[in-house]
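I opened the notebook with two things to look up: one helix and one loop. The entries follow in the order I checked them.

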Amino acid sequence: MLESTKKRYLKLAQHFYKTQLNNETLSTGRIRSALIQAAPNYRPDYFRVVKNALAFDVRERGYPAVAEKILKIQNPTTTPNSTHAVKAKRPAAKALNQEDFRKLSEHLARAGKYDAFAAVILAWHLGARPSEMYSIRVEGTQFHITGAKQDEKGIRGADRTLVYSDEDTADLVANAVFVYQNTYRSLAAVRNSLREQCRQLWPQRKVHLTLKSLRHQLGSNLKASGLDPKVMAYIMGHQSTRSIERYGDKRLAHNGSLSIPAPAPDADTSKVRVHSASKPAWHSAVTAAPNERTRVPSHQTKRHQA
């Protein structure tokens with residue numbers, strides 16, 4: 001488990017004890033009861049994260065048997081014949097055009113929200129999941145991303161090494177990694193800050209973007225690029241080509257100025273499982289124009305100063 005994940009789990013557990021147990025003396029029964037009662041207020045994915053955080057915290061305290069009991073707790077909102085309503089996800093934009101990206105980047109920089117600015121850059125250019133951003137390693141123009149996605153067996157998702165041939169973009173992303181990894185705010189605080197700034201920038205909009213929206217946009221750009229599905233899956237950090245079907249729509253790609261990283265020269269895409277022998281319906285039969293060069297907005301060519 002990554003050190004950043006351990007710290008996040010311990011922080012989540014402490015927050016749970018404070019808000020759900022009023023910092024009372026911990027016991028197996030109290031933790032289990034409080035988690036079950038809180039379930040209707042959590043989205044299913046977040047319930048799983050909190051459960052894992054509590055189990056990790058208890059195991060670190062020296063009670064592995066109790067941790068196993070916590071992990072076996074079923075979400076009462078998703079069990080068969082449940083009478084609880086599942087909390088809906090917040091609506092989020094699935095794409096972002098380049099003009100809005102420029103406006104958002106400049107707005108975040110002016111507002112001094114440098115960690116949110118950095119997170120936006122990393123999601124937009126690398127497609128990094130928020131939970132992966134703290135672990136990115138930079139070596140020249142290469143970016144090593146440790147996969148944070150967990151599959152059903154608990155095996156860590158696919159690691160990847162990406163590269164940007166455009167030096168300005170590589171420099172921008174490297175600066176974003178430094179800024180984000182030196183922030184003192186939690187991921188939740190960064191997300192809340194992004195949400196707040198989007199509302200300030202676009203007060204009339206009912207649906208705003210998230211960091212996942214930016215990852216979806218990279219997926220759209222990839223699908224319109226004509227790249228092999230295994231290469232696309234590698235860039236997105238998926239173990240199978242089937243997973244990339246959920247990300248992006250090639251009709252929403254940035255035609256003429258695709259912002260796409262590439263696997264490093266020594267990247268091994270052979271581990272990516274092919275879901276189908278034939279290319280999926282969304283795969284573009286037309287590759288990007290051979291002379292089409294990735295263009296970066298002028299405001300991105302300067303180093304970001306934190």
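Before counting, I fixed the cut-off: a residue is buried when its relative accessible area is under 20%, and exposed when that area is over 50%. The model is a predicted one.

Entry 1, helix α9. I asked how many of the 13 residues of α9 are buried. I found 12 of its 13 residues buried, so by that cut-off the helix is mostly covered. I listed the buried ones: L211, S213, L214, R215, H216, Q217, L218, G219, S220, N221, L222 and K223.

Entry 2, the cover. I then looked up what lies over these buried residues of α9. The cover includes three helices, α6 (114–126), α8 (187–201) and α10 (229–236). It also includes the strand β3 (160–163).

Entry 3, length check. I took α9 as residues 211–223. At 1.5 Å a residue, its 13 residues should span 18 Å. The C-alpha atoms at its ends are 19 Å apart, which agrees with that expectation.

Entry 4, the loop between α1 and α2. I moved to N22, which is found in the loop between α1 (3–20) and α2 (28–38). Its phi is near 55°, a positive value in a residue other than glycine. Is N22 buried or exposed? N22 has 60% relative accessibility, so I count N22 as exposed.

Entry 5, N23. I found N23 in the loop between α1 and α2. Phi of N23 is near 60°, again positive in a residue that is not glycine. N23 counts as exposed because its relative accessibility is 55%.

Definitions and conventions: Residues numbered from 1 in each chain as written. Predicted model: local features only at pLDDT ≥ 70, side-chain atom pairs only at ≥ 80, totals over all residues. Heavy atoms only, no water. Helix = DSSP H or I, 4+ residues; strand = E, 2+ residues; numbered from the N terminus. Expected span 1.5 Å × (residues − 1). Buried < 20%, exposed > 50% of the residue type's maximum accessible area, 1.4 Å probe, protein only. Contact = heavy atoms within 4.5 Å.
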